[in-house]
Amino acid sequence: MGGFGRPAQEAREMGGRLMDEPLAFDAVERFDVSGRVAVITGGAHGLGLAMATAFVGAGAKVALLDIDADGLELAQKTLSARGTAVVRAVDVRDVKSTQAAVREVASELGGIDILINDAAIFPSGPLAETDFEELRNVLDVNVVGYVTTLNAALPYLRESGRGRIINFGSVTFFLGYPDGLGAYIATKGAIVGLTRALAREVGPAGVTANVLAPGAFPTRAEQGLYEDQEAFDAEVIERQSVKRRGSVEDIAAAAIFLASDAASFVTGQTLLVDGGWTFN
Ligand SMILES: NC(=O)c1ccc[n+]([C@@H]2O[C@H](COP(=O)([O-])OP(=O)(O)OC[C@H]3O[C@@H](n4cnc5c(N)ncnc54)[C@H](O)[C@@H]3O)[C@@H](O)[C@H]2O)c1
């Protein structure tokens, strides 16, 4: 086996042996997520759909939860041709139906090993002119919605023995940028705090919890936010160390890493996948 979860004595012996002889290490096995069940909120579009595609391609079974029933139908059609994908149209603001959907897909797919909270909304406007209804709404989707799914998924993640929680953050939290996204940025900060506390709570059960924080990626979320797309592309590339726009595959790869045995000792962290925009 790949050697995760070794008892202390065995780990010490292995460390000692390292000095004398080469260690057997199977990189493919460490990154293998085949046969695992991944529940992905926001899976109908953008980064959520890209991750679903990657997980199915890697032999995992996926369940997509999203508010967009048409988007889900299309996603399921495409994904089912390649592997196992089930979908549930839910609004993560509705605690009861969302939690029922999590339990349903768990019984349909045989448990949950990976929970990815990706669903989010992006209202814009200066904090000085806060619309309080909109503020509560973004907190409901981007923060409360994450707790809703994880409460329902936790018994299955504990049962898994290699449970993984990946909550979506954003570089915007570290940058306080762009202007006009203050409420959204606050929710992404909340996710960092929540995930760090969660990592302590769930660690003893062998469950890890991390934040995946994208930089700027060309999804629907970006469309409509900027009038001049070319100027925005140029600005992003200028601010990044890596001189290309990020692709959705960059996020999918990071998600596979965090979900795999390769990351079984990584928890409470925020992984910034931003081409070197921020170094925190
Ligand atoms: N694209 C970027 O540049 C970027 C940058 C930083 C962080 N992120 C984060 O990545 C994640 C994915 O963003 P994306 O760019 O793919 O956006 P997206 O808009 O393409 O996808 C978001 C998904 O969430 C779903 N959703 C929205 N409200 C919902 C609700 N109430 N219930 C259930 N589903 C709901 C949408 O239908 C959509 O499928 C988000 O958490 C976002 O904050 C994205």
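A residue counts as buried when its relative accessible area is under 20%. A residue over 50% is exposed, and values in between are partly exposed. The model shown in these views is predicted.

**View 1. Ala75 sits in helix H4 and is buried.** Helix H4 covers residues 69-80. The relative accessible area of Ala75 is 4%. That is under the 20% limit, so Ala75 counts as buried. Which residues does Ala75 contact, leaving aside its neighbours within four places in sequence? They are Leu49 and Leu64. Asp140 is 65 residues from Ala75 along the chain. The C-alpha atoms of Ala75 and Asp140 are separated by 25 Å.

**View 2. Ser107 in helix H5 is exposed.** Helix H5 runs over residues 95-109. Ser107 has 62% relative accessibility. The limit for exposed is over 50%, so Ser107 falls in that class. Tyr156 is 49 residues away from Ser107 along the chain. Between the C-alpha atoms of Ser107 and Tyr156 there are 9.7 Å.

**View 3. Val143 belongs to helix H6.** Is Val143 buried or exposed? Val143 is buried, at 13% relative accessibility. Its contacts, leaving aside neighbours within four places in sequence, are Val138, Thr187, Ala190, Ile191 and Leu194. Ala221 is 78 residues from Val143 in sequence. In space, the two are 17 Å apart, C-alpha to C-alpha.

**View 4. Phe122 and Tyr184 form an aromatic pair.** The structure holds four aromatic pairs. A pair of aromatic rings is described by the distance of the centres and the angle of the planes. The ring centres of Phe122 and Tyr184 are 5.1 Å apart. Their planes meet at 40°, so this pair is tilted. Phe122 lies in the loop between strand S4 (114-117) and helix H6 (132-160). Tyr184 lies in helix H8, residues 182-202. The pair therefore ties together parts that are 62 residues apart in sequence. How much of each residue is accessible? Phe122 has a relative accessible area of 32% and is partly exposed. Tyr184 has 8% and is buried.

**View 5. Tyr177 and Trp277 form another aromatic pair.** The centres of their rings are 5.9 Å apart. The planes lie at 55°, so the pair is tilted. Where do the two residues sit? Tyr177 is in the loop between helix H7 (171-175) and H8. Trp277 is in the segment after strand S7 (270-273). The pair links distant parts of the chain, 100 residues apart. Tyr177 is at 18% relative accessibility, under the 20% limit, so Tyr177 counts as buried. Trp277 is buried too, with a relative accessible area of 12%.

**View 6. The peptide bond from Tyr177 to Pro178 is cis.** Its omega is near 0°. Pro178 is found in the loop between H7 and H8. Tyr177 lies in that loop as well.

**View 7. The whole protein sets the scene for the close-ups.** Its secondary structure comes to ten helices and seven strands. Along the principal axes, the C-alpha trace spans about 60 × 40 × 35 Å. The radius of gyration is 19 Å. A compact globule of 280 residues would have a value near 19 Å, so the protein agrees with that expectation. Buried residues make up 45% of the 280. Of the contacts between residues at least 6 apart in sequence, 71% join residues at least 24 apart. The accessible surface comes to about 13,700 Å². Carbon and sulfur atoms account for 54% of that surface. The protein has 24 positive and 36 negative charges. The mean positions of these two sets are 7 Å apart.

Conventions:
Residues are numbered from 1 along each chain as its sequence is written. This is a predicted model: local features need pLDDT of at least 70, side-chain atom pairs count only at pLDDT 80 or more; totals for chains, interfaces and linings use all residues. Side-chain values use heavy atoms; hydrogens and water are left out. Helices (H or I, at least four residues) and strands (E, at least two) are DSSP runs, numbered from the N terminus. The radius of gyration is taken over C-alpha atoms; the globule rule is 2.2 Å times the number of residues to the power 0.38. Buried means under 20% relative accessible area, exposed over 50%, partly exposed in between (1.4 Å probe, protein chains only). Contact means heavy atoms within 4.5 Å. Accessible areas come from the Shrake-Rupley method with a 1.4 Å probe; for residues, only the protein chains shown count as cover. Lys and Arg count as positive and Asp and Glu as negative; His and the chain ends are not counted. The place of a charge is taken as NZ of Lys, CZ of Arg, CG of Asp or CD of Glu. Rings of Phe, Tyr and Trp (its six-membered ring) pair if their centres lie within 6.5 Å; planes under 30 degrees apart count as stacked, over 60 as edge-to-face and the rest as tilted.
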